[in-house]
Amino acid sequence: MKTPYIHPNAIVEPGAVIGNGTRIWAFAHVLPGAKIGQECNLCDGVFIENDVVLGDRVTIKCGVQVWDGVRLEDDVFVGPNATFTNDHFPRSKHYPEKFLQTRVCRGASIGANATILPGITIGAHAMIGAGAVVTRDVPPYAIVAGNPARIRGYVNTADTRSVPPQTDEQGLPQLRVQGARLIHLPKIVDLRGSLTFGEYDKHLPFHPKRYFVIFDVPSMEVRGEHAHRAQHQFLICLKGSCSVVLDDAQTREEVVLNKPNLGLYLPPMVWGIQYKYTADAVLLVLASDIYDAADYIRNYDTFVQEKKAQNA
């Protein structure tokens, strides 16, 4: 392993832990308590305070200050002049007993001049847009931008296969996420209007025991963000439209529900997210069983672990 490189004009205080292969460039300053992993790159003018932990292969571009309480996991990228904070109510010469901890999970990227408020977790592989002001937790793989930052999309996983879309017998795209599929429901149109319906065993892949309806969702809000261990779900956007992100821990894709005769089947152990609701959107969800809090997986890392165990 390569030993660390420290530029002659950089300051690394005694007591700081610097991993092999890490490069610290001119005018960077690392305080004694900092722990920096292997093969990191700290560019000119970076300041690292004491209670800071960087994972391996972290890149921090010029003009960034990383304050007490910040944790950057492996492969995180921080763009130039991005700003971390660690105190909601800072006062001169008044210090909290403990600074709030900010966690940036593995593979996430923070754009230039973004501001990260204290106590926030930025999920794995998330992308923070340049100049964004992040005021709350960011889910894994989310793309956020603006002030305050809002979710604008989701990035693909590294394992997403780039193949031409295939269609089923109904002419609908065949989804690559394990077990999920789009289903066309019958539609009847005459002078009196339009009607669509679904019959159990014929159109629906399970017998529902529960339904709920989601409506009046502010356009920038996100719902779902969970998987079910055993329950099946069937989603129909009765009015307006919304986008659904599906994730089986290997493949991620996004579909748009915008017709009352278009349904989306979500089997167990598929992570689902709904967003981009139009103002008039009404989403009907049929579920295979009554509500059971223990059936929900609300943490993405837990979902990935359980999915790997299931496929082992």
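Here is a short walk through this predicted model, from a sheet to the nonpolar cores and a surface patch.

Let's start with the sheet. Strands of a sheet pair through backbone hydrogen bonds, and they may do so in parallel or antiparallel fashion. Here the pairing is parallel, and six strands make up an open sheet whose order is 3-6-9-12-15-18. At its edges stand strand 3 (17-18) and strand 18 (121-122); each has a single partner strand, so one side of each is left without a neighbour in the sheet. For a look at one pairing, find strand 9 (residues 53-54) and strand 12 (residues 70-72), which run parallel and are joined by two bridges. Opposite arginine 71 of strand 12 you will find valine 53.

Strand 12 also leads us into the interior. It is among the elements that give two or more residues to the largest nonpolar core, together with strand 21 (142-145), strand 22 (150-154), strand 32 (271-275) and helix 1 (300-311). This core has 54 residues, and those touching the most other members are Ile48, Ile60, Leu72, Phe84, Ile110, Ile122 and Ile128. Take isoleucine 110 as an example: leaving aside residues up to four places away in sequence, it touches Phe77, Val78, Gly79, Ala82, Phe84, Val104, Ile116, Ile122 and Ile128. A second core, separate from this one, has 22 residues, including Val177, Leu235, Leu246 and Val255.

Finally, let's turn to the surface. Tyr211, Val213 and Phe215 make a nonpolar patch of about 340 Å² there. Valine 213 belongs to strand 26 (residues 210-215). With a relative accessible area of 35%, valine 213 counts as partly exposed, because that class lies between the buried limit of 20% and the exposed limit of 50%.

Key
Residues are numbered from 1 along each chain as its sequence is written. This is a predicted model: local features need pLDDT of at least 70, side-chain atom pairs count only at pLDDT 80 or more; totals for chains, interfaces and linings use all residues. Side-chain values use heavy atoms; hydrogens and water are left out. Two strands pair if DSSP finds at least two bridges between them. Helices (H or I, at least four residues) and strands (E, at least two) are DSSP runs, numbered from the N terminus. Patches are made of residues with over 30% relative accessible area and no salt bridge: like charges are joined within 9 Å, nonpolar side chains (Val, Leu, Ile, Met, Phe, Trp, Tyr) within 5 Å. Accessible areas come from the Shrake-Rupley method with a 1.4 Å probe; for residues, only the protein chains shown count as cover. A salt bridge is a side-chain nitrogen of Lys or Arg within 4 Å of a carboxyl oxygen of Asp or Glu. Buried means under 20% relative accessible area, exposed over 50%, partly exposed in between (1.4 Å probe, protein chains only). A nonpolar core is a set of buried Ala, Val, Leu, Ile, Met, Phe, Trp, Tyr and Cys residues joined through side-chain atoms within 4.5 Å. Contact means heavy atoms within 4.5 Å.
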